[in-house]
Amino acid sequence: MPDSPRLAWQASLFEEPGAPSADHGFTGLVRHHLDGTAWVDHVAGWLRHADDLFGRLLESAPWEETEQELYGRVVATPRLVARWPYVPGEVALPPALEDIRAALAAHYERAFDSVSANLYRDGRDSVAWHGDRVARTIAEPLVAIVSLGHPRRFLLRPRSGATRLTLDPRHGDLVVMGGTSQRGWQHAIPKVAVAGPRISVTLRHSY
Ligand SMILES: O=C(O)CCC(=O)C(=O)O
């Protein structure tokens, strides 16, 4: 496991200190219809006091380096990943993550029983075009992503086609992909020349 990442991050200048809290009312939600059956929700500023969660995750989430196969070679995945072993009713999540999970579960009526996070240490870290594997077992899975830290472009394209939608999720924003967005569409976080650290907290459901 890598040492706790110590990456340059300046807390928001205007944010009062406080415990992170999700907006259970989903104020300002904007739904983007990708096609007749795939959609993406974006809620700007959904998580209040996001600085606190970002700092805590950066310091103490169980970050791991993982490997992936690329053109027949095993290479380091260009980001760190943390997973929380969470068994509803048995193993609890950290309180801020539980608040996020509970708000999403109530709004979207899914259990969101899988919680993980990606750490993009700088602009060299990325996620290549993909649809989430959960779509192999669930017809229309929801994938919810809370962005923390520096903004990165979040791209969506049809499985065969060029980028159709570019989101720019900022610190505390929520993005939820739904309908057939994991089957007929792909998403990516491209590399950029310069970026500070970003964490994406990702919630999925297994049924
Ligand atoms: O970091 C993000 O916003 C996207 C993460 C992602 O695509 C994934 O974990 O599969």
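Two strands pair if DSSP finds at least two bridges between them. Keep that rule at hand for the exercises below. The model is predicted.

**Exercise 1. Which residue of S12 stands opposite Ile145, and how many bridges join S9 to S12?**

Step 1. Start with the strands. S9 covers residues 143-149, and S12 covers 174-179.

Step 2. Find the partner. Ile145 stands opposite Val175 in S12.

Step 3. Count the bridges. There are 4 between S9 and S12, and the two strands run antiparallel.

Step 4. Apply the rule. At least two bridges are needed for a pair, and S9 and S12 have 4.

**Exercise 2. Describe how S9 meets S14, and say whether S9 is enclosed or not.**

Step 1. Look at the bridges. S9 and S14 are joined by 6 of them, in the antiparallel sense.

Step 2. Name two partners. Gly149 stands opposite Arg198 in S14. Ser147 has Ser200 as its bridge partner in S14.

Step 3. Check burial. A residue is buried if 20 or more other C-beta atoms lie within 10 Å of its own. In S9, 7 of the 7 residues are buried, so the strand is largely enclosed by the rest of the structure.

**Exercise 3. Write out the strand order of the open sheet of 8 strands, and find the edges.**

Step 1. Recall what holds a sheet together. Strands pair through backbone hydrogen bonds, either parallel or antiparallel.

Step 2. Read the order. It is S2-S3-S12-S9-S14-S7-S6-S5, with antiparallel pairing.

Step 3. Go to the edges. S2 (30-33) and S5 (64-70) each have a single partner strand, so one side of each is left without a neighbour in the sheet.

Step 4. Add the twist. From one strand to the next, it averages 25°.

Step 5. Place the helices. H1 (residues 50-60) packs on the sheet and touches S7, S9 and S14. The direction of H1 makes about 90° with that of S9. H2 (residues 95-108) also packs on the sheet, touching S6, S7, S9, S12 and S14. The direction of H2 makes about 45° with that of S14.

**Exercise 4. Trace the pairings of S10.**

Step 1. Take S11 as a partner. S10 (residues 154-158) and S11 (residues 165-167) pair antiparallel over 3 bridges. Phe154 stands opposite Leu167 in S11.

Step 2. Look at the connection. S10 and S11 form a hairpin, with 6 residues between them.

Step 3. Take S13 as a partner. S10 and S13 run antiparallel and are joined by 4 bridges. Leu155 stands opposite Ala188 in S13.

**Exercise 5. Which residues surround the ligand, and which strands each supply at least two of them?**

Step 1. List the shell. It holds Asn118, Val127, Asp132, Ile145, Phe154, His187, Ile189, Ser200 and Thr202.

Step 2. Sort by character. The shell has 4 nonpolar residues, 4 polar and 1 charged.

Step 3. Find the strands. S13 (185-189) and S14 (198-204) each supply at least two shell residues.

Step 4. Link back. Ile145 belongs to the shell and stands opposite Val175. Phe154 is also in the shell, and its opposite residue is Leu167. Ser200 is another shell residue, and it is the bridge partner of Ser147.

**Exercise 6. Glu109 and Phe112: buried or exposed?**

Step 1. Locate them. Glu109 is in the loop between H2 and S7. Phe112 is found in the loop between H2 and S7 as well.

Step 2. Read phi. For Glu109, phi is near 55°, a positive value in a residue other than glycine. For Phe112, phi is near 45°, again positive in a residue other than glycine.

Step 3. Recall the cut-offs. Buried needs 20 or more other C-beta atoms within 10 Å; exposed means 12 or fewer.

Step 4. Decide. Glu109 has 8 C-beta neighbours inside 10 Å, so it counts as exposed. Phe112 has 22 other C-beta atoms within 10 Å, so it is buried.

**Exercise 7. Compare the radius of gyration of the chain with that of a compact globule.**

Step 1. Count the elements. The chain has 2 helices and 14 strands.

Step 2. Get the expected value. With 207 residues, a compact globule would have a radius of gyration near 17 Å.

Step 3. Compare. The chain has 16 Å, which agrees.

Step 4. Add the spans. Along its principal axes, the C-alpha trace spans about 45 × 40 × 35 Å.

Technical notes. Residues are numbered from 1 along each chain as its sequence is written. This is a predicted model: local features need pLDDT of at least 70, side-chain atom pairs count only at pLDDT 80 or more; totals for chains, interfaces and linings use all residues. A residue is near a molecule or strand if its C-beta atom, placed from the backbone, lies within 6 Å of it. Ala, Val, Leu, Ile, Met, Phe, Trp, Tyr, Cys and Pro count as nonpolar, Asp, Glu, Lys and Arg as charged, and the others, Gly among them, as polar. Axes are lines fitted to C-alpha atoms, for helices over the stretch in contact, and angles run from 0 to 180 degrees between N-to-C directions. Two residues are in contact if their C-beta atoms, placed from the backbone, lie within 7 Å. The radius of gyration is taken over C-alpha atoms; the globule rule is 2.2 Å times the number of residues to the power 0.38.
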